[in-house]
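Colleague: Before I rely on the labels attached to this model, I would like to hear how each one follows from its value. Could we go through them in turn?

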Amino acid sequence: MSRHRFFIPPDRWNAEDLRLEGEEAHHCTQVVRCRPGDRVTVFDGSGTEANVEIVTTTDQLVTLRPLGMSRSVPLRSQLVLGQAVPKGKNMDLIVQKAVELGASALMPLLSDRTVVRLDADEAGKRRDKWQRNALEACKQCGRNLVPDIAVPQTVTKALGALGRPGPGELRLIAAISPETLP
C-alpha cells in the first residue's frame, strides 16, 4: 500500500521538528483521516523526503517523528517544456503530465496564435495555480523535486530568457505546421 505524501516547504523543513501545518495538516487529518501512529511520507520539493510517523494531530497541526530520510538527485538532463497556453483548463492537465514525465521546468508561452490573452496580474495568478498543480502532481507520482513554472510570456521573451545554448545542450522546437522549418 502506498503511503500518503505531504509537502513541507523547504524554509520550514527542520529534520528534528517535522510538522504539517495549515492546509497540509487539514488534508492529513480531515481528508485522508490519518491518526497518531500512522506512517506517511513528507517532502520539501527540493529533493528531501522523509518517512515519518504521526505523533499528534489537530486540524491545523500534525507533529511527526522521522523514521528515515533520503535525498533525490536531479537528473543529469534537464527538460524545460515550453508550451503555448491552450484555452480552457487544458493547461492544468499539461502541467500534471509534464511533471509526471519528469520535466524540470515549464514555460507557458503566449504565441501569436494563442487565443488566451493575459494581463500581468492574471498571468501571475495562472502561474501560481499551475505551480500548485505541479506540487499536487509531485504528491501523486512520488516525485520529490517540484518543477518551477514560469509566468506566461511571449515566445521571444522566453527564448531570450534561456540565453544561448551551452556546450552539449540540445534545444528542440516541435511544431505541426507544414510551413515549419527544421
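Modeller: Let us start with a term needed below: a polar contact is a pair of N or O atoms within 3.5 Å, where one must be able to donate a hydrogen and the other to accept it. Please keep in mind that this is a predicted model.

Colleague: What makes the pair Asn144 and Ser72 a polar contact?

Modeller: The side chains of Asn144 and Ser72 are joined at 3.0 Å, and the cut-off is 3.5 Å, so the pair qualifies. Asn144 has its place in the loop between H3 and S8, and, leaving aside neighbours within four places in sequence, its contacts include Arg5, Phe43, Glu49 and Ser72.

Colleague: Why is Asn144 called buried?

Modeller: Asn144 has a relative accessible area of 6%, and buried means under 20%, so the label applies.

Colleague: How do you know that Glu49 and Arg5 form a salt bridge?

Modeller: The closest N and O atoms of Glu49 and Arg5 are 2.9 Å apart, and a side-chain nitrogen of Arg within 4 Å of a carboxyl oxygen of Glu is what the term requires, so the pair counts. Because Glu49 lies in strand S4 (residues 48–57) and Arg5 in strand S1 (residues 5–7), the bridge ties together parts that are 44 residues apart in sequence. Both Glu49 and Arg5 are buried.

Colleague: What makes you say that the charged end of Arg5 sits over the ring of Phe43?

Modeller: The charged end of Arg5 is 4.4 Å from the centre of the Phe43 ring, and the distance limit is 6 Å, so that part of the test is met. The term also requires the CZ atom of Arg to be within 35 degrees of the ring normal, and the pair Arg5 and Phe43 is listed as such a case.

Colleague: Why is the contact between Arg12 and Glu21 called a salt bridge, and are these residues buried, partly exposed or exposed?

Modeller: The N to O distance between the side chains of Arg12 and Glu21 is 3.6 Å, which is within 4 Å, so the name is justified. Arg12 has a relative accessible area of 44% and Glu21 has 33%; partly exposed covers what lies between 20% and 50%, so both residues belong there.

Colleague: What separates Lys139 and Glu136 in helix H3?

Modeller: Lys139 and Glu136 are three residues apart in helix H3 (residues 120–141), which means a separation of about one helical turn. An α-helix has 3.6 residues a turn, so residues three or four places apart point the same way. The side chains of Lys139 and Glu136 meet in a salt bridge at 3.2 Å, N to O. Lys139, at 10% relative accessibility, counts as buried, whereas Glu136, at 40%, counts as partly exposed. Salt bridges that share partners join Glu24, Glu136 and Lys139 into one network.

Colleague: How do you know that the span of H3 is close to the expected one?

Modeller: H3 has 22 residues and reaches 31 Å from its first C-alpha to its last; the expected span is 1.5 Å times one less than the number of residues, so the reference value is 32 Å, and the two are close.

Colleague: What makes Asp119 a cap for H3?

Modeller: A side-chain oxygen of Asp119 lies 3.2 Å from the backbone nitrogen of Asp121, at the N-terminal end of H3. Just after H3, Gly142 takes a positive phi of about 85°.

Notes. Residues are numbered from 1 along each chain as its sequence is written. This is a predicted model: local features need pLDDT of at least 70, side-chain atom pairs count only at pLDDT 80 or more; totals for chains, interfaces and linings use all residues. Side-chain values use heavy atoms; hydrogens and water are left out. Helices (H or I, at least four residues) and strands (E, at least two) are DSSP runs, numbered from the N terminus. Buried means under 20% relative accessible area, exposed over 50%, partly exposed in between (1.4 Å probe, protein chains only). Contact means heavy atoms within 4.5 Å.
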